[in-house]
Amino acid sequence: MPRTPHSAPHLRVMSVLGLLAALLLPLGVTFAPGALAAPTADPVRVMPLGDSITGSPGCWRAVLWNRLVNRGYKDIDFVGTLPPQGCGQAHDGDNEGHGGELVTSVADQNLLPGRLASTRPDIVVMHFGTNDVWSSIAPDRILAAYTKLVTQMRASNPDMRILVAQLIPMNPSSCAGCAQRVVDFNARIPGWARATGTDRSPVTVVDQWTGFSTAADTYDGVHPNASGDDKIAARWFPALSAVLDAGVPQDPGDPGDPGEDPAACTARFRAVSSWQGGYQGEVTVTNTSASAVRGWTATVVPANGARLTQLWNGSLTTAADGTATVRNAAWNGTLAAGASAAFGFVATAPATAGTPAATVTCTGTAPAA
């Protein structure tokens with residue numbers, strides 16, 4: 001039976017007001033035009049983010065949109081800086097699926113913040129990385145780009161809900177190794193998501209790989225045909241509808257969340273020393289906001305298979321894929337504007353790892369007003 005999401009931000013009071021009007025009108029009580037109009041919440045803004053699988057033409061978006069509408073989800077708005085590209089059925093076609101883009105390039109060139117500022121999404125639905133895998137970019141680097149994009153999403157909206165796909169299979173005739181590289185990369189995504197998600201801004205993994213056939217569901221070994229579009233939409237639907245049903249905060253300053261807005265900070269890595277099979281590293285976290293922070297969290301993605309094994313001046317959580325989350329210690333969490341704190345670590349690394357390297361990001365927590 002079709003149903004409209006009933007989350008707190010989208011409760012409707014029109015039926016109650018309509019009943020009140022029906023009771024009062026026989027008594028000669030009238031309302032001025034608009035007096036019965038209840039303030040309505042803004043539609044939930046959903047950004048489909050990715051490459052040509054999402055946007056050229058990305059007709060799974062049309063299938064997904066119509067499935068949502070047919071199930072009673074009316075207050076939704078697909079957003080993006082790109083317009084629709086047909087697909088033969090009415091739908092909200094705005095999207096952020098840029099054909100040929102690499103997620104690593106989007107991260108390296110800081111392309112996402114401007115797109116977020118133009119569209120202000122509440123939810124991001126992301127299938128991104130196919131071109132990176134095709135280009136033989138290492139999973140560590142792709143996941144570091146994912147982490148940077150998530151950090152930018154949360155800077156745009158601290159309550160961002162993020163759905164991330166395990167990529168559909170890929171088997172183009174010109175890339176013999178692509179099929180296995182997708183499998184290898186997909187295996188890393190759940191661990192990354194566990195390390196990256198937060199209670200306030202969860203990251204949900206959606207398995208788009210299982211049951212998808214490059215022979216039956218694509219027209220070229222990469223891009224979905226109509227059957228593939230149906231399968232992709234069917235996988236997105238339960239995950240997205242669950243988020244819509246749970247309710248999406250649409251105001252980063254919602255009452256009840258004092259002091260939880262992230263403050264700007266930067267993180268910088270340096271190798272202190274290295275040896276065969278490991279190295280000592282240091283990360284400096286700097287508060288770049290105009291006011292103090294009362295805590296910080298850094299993410300360290302070591303390159304070339306290295307893993308953090310010891311850490312000081314912070315607390316360490318390591319995901320299965322080696323991504324490390326470091327939270328401040330009790331004595332170094334509060335940073336005045338412009339102030340810095342550092343933590344050190346020891347990492348093990350394969351003998352062939354080469355020069356120590358890591359991608360580091362951070363978020364700070366502003367004090368309560």
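Is serine 136 buried, partly exposed or exposed? In this predicted model, serine 136 has a relative accessibility of 47%, so the residue counts as partly exposed. The report starts with the backbone around this residue and then turns to salt bridges, one helix and one sheet.

**Backbone conformation in loops**

Serine 136 sits in the loop that joins helix 6 (130-134) to helix 7 (139-156). Its phi is positive, about 65°, although serine 136 is not a glycine. Most residues other than glycine have a negative phi, and most peptide bonds are trans.

Asparagine 110 is another non-glycine residue with a positive phi, here near 55°. Asparagine 110 belongs to the loop between helix 4 (103-108) and helix 5 (112-119). With a relative accessibility of 42%, asparagine 110 is classed as partly exposed.

A cis peptide bond, with omega near 0°, runs from serine 56 to proline 57. Proline 57 is placed in the loop between helix 2 (52-55) and helix 3 (60-70).

**Salt bridges**

Side chains of opposite charge can pair when their charged atoms come close. The model has 8 salt bridges. The table gives some of them, with the N to O distance of each.

| Acidic residue | Basic residue | N to O distance |
|---|---|---|
| Glutamate 96 | Arginine 115 | 3.8 Å |
| Glutamate 101 | Arginine 115 | 2.9 Å |
| Aspartate 108 | Arginine 141 | 3.0 Å |

Glu96, Glu101 and Arg115 are joined in a network of salt bridges. In this network, arginine 115 forms a salt bridge with glutamate 96 at 3.8 Å, N to O. Arginine 115 is in helix 5 and glutamate 96 in strand 3 (residues 96-97), so their salt bridge ties together parts that lie 19 residues apart in sequence. Glutamate 96 has 0% relative accessibility and therefore counts as buried. Arginine 115, at 12%, also falls into the buried class.

In the salt bridge between glutamate 101 and arginine 115, the closest N and O atoms are 2.9 Å apart. This pair links distant parts of the chain, since glutamate 101 is in the loop between strand 3 and helix 4 while arginine 115 is in helix 5, 14 residues apart. Glutamate 101 and arginine 115 are both buried.

Aspartate 108 and arginine 141 form a salt bridge with their closest N and O atoms 3.0 Å apart. Because aspartate 108 lies in helix 4 and arginine 141 in helix 7, the pair ties together parts 33 residues apart in sequence. Arginine 141 has a relative accessibility of 44%, so this residue counts as partly exposed.

**Helix 11 and the segment before it**

Threonine 218 is located in the loop between helix 10 (214-217) and helix 11. At 7% relative accessibility, threonine 218 counts as buried. A polar atom of the threonine 218 side chain lies 2.5 Å from the backbone oxygen of threonine 214.

Asparagine 225 caps the N-terminal end of helix 11, with a side-chain oxygen 3.1 Å from the backbone nitrogen of serine 227. Helix 11 covers residues 226-246, which is 21 residues. From its first C-alpha to its last, helix 11 reaches 30 Å, close to the 30 Å expected at 1.5 Å a residue.

Where in helix 11 does the kink lie? The kink, of about 30°, is at phenylalanine 237, shortly before proline 238. Phenylalanine 237 is one of the buried residues of helix 11, and these also include Asp229, Ile232, Trp236, Leu240 and Leu244. An α-helix has 3.6 residues a turn, so residues three or four places apart point the same way. Just after helix 11, glycine 247 has a positive phi of about 95°.

**The four-stranded sheet**

Strands of a sheet pair through backbone hydrogen bonds, either parallel or antiparallel. One open sheet here has 4 strands in the order 8-9-14-11, paired in the antiparallel sense. Strand 8 (265-275) and strand 11 (307-312) stand at the edges with a single partner strand each, so one side of each has no neighbour in the sheet. On average, neighbouring strands of this sheet are turned by 30° against each other, direction ignored.

Strand 8 and strand 9 (residues 278-287) are paired over 10 bridges, antiparallel. Among the bridge partners, alanine 267 is matched with valine 285 in strand 9.

Terms used:
Residues numbered from 1 in each chain as written. Predicted model: local features only at pLDDT ≥ 70, side-chain atom pairs only at ≥ 80, totals over all residues. Heavy atoms only, no water. Helix = DSSP H or I, 4+ residues; strand = E, 2+ residues; numbered from the N terminus. Buried < 20%, exposed > 50% of the residue type's maximum accessible area, 1.4 Å probe, protein only. Pairing = 2+ DSSP bridges. Axes fitted to C-alpha atoms, helices over the stretch in contact; angles between N-to-C directions. Salt bridge = Lys/Arg side-chain N within 4 Å of Asp/Glu carboxyl O. Expected span 1.5 Å × (residues − 1). Bend = angle between axes of the 7 residues up to and from the residue. Polar contact = N/O pair within 3.5 Å; in protein donor to acceptor, adjacent residues only side chain to side chain.
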